[in-house]
Amino acid sequence: EKWKFPPRRERLSAEQEPIVVERIGQLWEQNLGIQAIRETLESEGWELGDNEYQRLRKKNGFRRRGDALGAYGVVEDEFLGAPGTGASKRGKAAKGEKRKADHIAPEQWLPVEDDAAPSTSGMGIGADMDMELNIIGDNAMSGSAMSQLQPPTHLLAPEEQQRRAEHLAQVQAQSDLALANRKRRRRIRGYGHLPPDDPSLAPRYGSETTLDECKAYLQLTNPLYLQVRSDYERICVEMGIERKKSVVETGIWQASKDRLVQENVHLATVTHPFQPDLDKKAIAIDCLCADVTKRMRDSKKKLTIADSNNALGLNPTTSKEIRKRFYEILEHDQYTTRLACGDVHWAELRQSWFDAVPLLQQVVDEGDAHKMKCLDILCRDATKRYNDDAVRRDPSRRQYQQSTYGPGPGSAKANGRKGKREASGSTATPAEKGSTSKRKGKRTAPQPEQSLNIDPALAPYANPVPCYFRLSPESRLIGNHPRMWLGKLTAPTIQSLHTAAASKAGAATVTKVQGIIKNGEPGPNGEEGVGEDMYQIDDDGELQVYLEAASEKSTFVVCLAGGYA
């Protein structure tokens, strides 16, 4: 303003701002994300700068976080210095450092009423909901009062302690009896308060083989496992497979698995007829493929919080307040797990939630299946946030989420998070790492995640083997293909040989392969040692014999058809 420089983009005028705010409110009521709202505005011709967009959101209450505390009682990093949180001094002292939930003082974990939160009464749809949230029974307590009156987390009423202990003992006895009578599958990892079963137990049926056991049978590392899943998902889309039982009788299911093995060098190697445990490997491939199709079906039916809010007629602010009510109920009850809680007490907790929010009781009375599922999504979100916060406060409550729990490499997702934490937790500088390696004397090569215990004769090469290829005169190709080229053999298999032979021709198939051996006989013009013998190669055994005879210089004559150069 002092120098009268023109702004980089035109700001909204006094007449335009109410129009934009009203449009943001409409998109907010539709539960669109912050970035999606901005993209929609830009597509409609409203180009807002970052500062102006943030100003409008803050001024009119279009924010998914409160002004002082988070929706579930955890102090947000952004508002540690806000008045009333008691964290102003700590926020200034720790400026520039990321605040973690488990470093927050205990008194700051108590959920409080956010009196300074902006009102949404001007939004129309949210106005009636705010009225309903404020009309709570006379016997109900506010969030702050409820939290201040609750006993410490390590103290429970003796009757409740006894009830929970008896319930867990009963659940454990029923679980042991069901396992003895083969009425339930194995528990390979802890579930709630129940410990895992003996790892030496075999599955009741082949279909109960775990994914980690499948990885072990097929000797898959996590990167290879993810690649196999991605490949089979692509195959399912191309072949129109949605469920195993719908295509198993027509032979399409087996054809899809055969195609997966043919297109994957590793699976083709470990399932070679000379390899052991072929029956277990076949079951492992079947279980892995069935899980891929299941995930594909579930992804189409997945509901998000935004979808649930739209089905129930809630905006983000109102939905957050409703979930906060259930969070407070769980905190007051000192909830641990659904298993320890029991179905009866869990139903009582949900009924308390319905009584606190009349809209939810109306949804229950309607009995609409889709709305009930959306209600369960909100309930699950609040429960998960409560459990995550409880683990941050008391890490000893983390009773599951193991990264390894079987004979294989373990969970790909959990190990991925673990690897990221280890990478981010490393504080050594490049210079320090270099000095450390010099002190040790020599560098060590990175080790693979898992040693592949397969037949060395069929194992993939550590370094691809270069070889020569000649184009047979019998080939039928479109375009000009080189008469001779170099290729790399990644494994001593026919599949790898065909892949290398067709590397220069798109969509071509290999119809015949011959190996050349120099026989030392004179050529047609009297040249010494230029005579050649040609041997037909049709399987892996013949290929291995040829590679041993050809030694370091392997030359193949290949006949290609149906492709283009």
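**Close-ups of charges and rings**

**View 1. Glu 160 and Arg 164 pair up through their side chains in a salt bridge, 2.8 Å from N to O.** This is a predicted model, and the first stop is helix α7. Both partners sit in that helix, which covers residues 158-180. They are 4 residues apart, about one turn of the helix. Buried or exposed, where do Glu 160 and Arg 164 fall? Both are buried. Across the whole structure there are 32 salt bridges, and the next two views pick out a couple more.

**View 2. Glu 321 and Arg 325 make a salt bridge whose closest N and O atoms are 4.0 Å apart.** Here the setting is helix α15, residues 316-333. Glu 321 and Arg 325 are again spaced 4 residues apart, about one turn of the helix. Check how each partner is covered. Glu 321 is partly exposed, because its relative accessible area is 26%. Arg 325 has a relative accessibility of 12%, so this residue counts as buried.

**View 3. In helix α19, Lys 384 meets Asp 388 in a salt bridge.** The N to O distance for the two side chains is 2.8 Å. Lys 384 and Asp 388 are 4 residues apart, about one turn of the helix. Why does Lys 384 count as exposed? Its relative accessibility is 52%, and the cut-off for exposed is over 50%. Asp 388, with a relative accessible area of 26%, is partly exposed. Back to the partners from View 1: salt bridges with shared partners join Glu 160, Arg 163, Arg 164 and Asp 333 into one network.

**View 4. Five residues make up a positive surface patch: Arg 243, Lys 245, Lys 301, Lys 373 and Arg 380.** One of them, Lys 373, is found in helix α19, which runs over residues 369-393. Lys 373 has a relative accessible area of 39%, so this side chain is classed as partly exposed. If you're setting up an electrostatics picture, these are the names to label.

**View 5. Tyr 335 and Trp 346 form a tilted ring pair.** The count of aromatic pairs in the model comes to 11. For Tyr 335 and Trp 346, the ring centres are 5.7 Å apart and the planes meet at 45°, so the pair is tilted. Which parts of the chain does the pair link? Tyr 335 belongs to the loop between α15 and α16 (338-341), while Trp 346 is in helix α17, residues 343-356. The two are 11 residues apart, and the pair links distant parts of the chain. Tyr 335 and Trp 346 are both buried.

**View 6. Tyr 546 and Phe 556 give another tilted aromatic pair.** Centre to centre the rings are 5.1 Å apart, with 55° between the planes. Tyr 546 lies in helix α23 (residues 540-550) and Phe 556 in strand β6 (residues 555-564), so the pair ties together parts that are 10 residues apart in sequence. As for cover, Tyr 546 is buried and so is Phe 556.

**View 7. Seen together, Phe 326, Tyr 327, Tyr 335, Trp 346, Trp 353, Phe 354 and Tyr 386 form one aromatic cluster.** The members include both rings from View 5, Tyr 335 and Trp 346.

Note on methods:
Residues are numbered from 1 along each chain as its sequence is written. This is a predicted model: local features need pLDDT of at least 70, side-chain atom pairs count only at pLDDT 80 or more; totals for chains, interfaces and linings use all residues. Side-chain values use heavy atoms; hydrogens and water are left out. Patches are made of residues with over 30% relative accessible area and no salt bridge: like charges are joined within 9 Å, nonpolar side chains (Val, Leu, Ile, Met, Phe, Trp, Tyr) within 5 Å. Accessible areas come from the Shrake-Rupley method with a 1.4 Å probe; for residues, only the protein chains shown count as cover. Lys and Arg count as positive and Asp and Glu as negative; His and the chain ends are not counted. The place of a charge is taken as NZ of Lys, CZ of Arg, CG of Asp or CD of Glu. Buried means under 20% relative accessible area, exposed over 50%, partly exposed in between (1.4 Å probe, protein chains only). Rings of Phe, Tyr and Trp (its six-membered ring) pair if their centres lie within 6.5 Å; planes under 30 degrees apart count as stacked, over 60 as edge-to-face and the rest as tilted.
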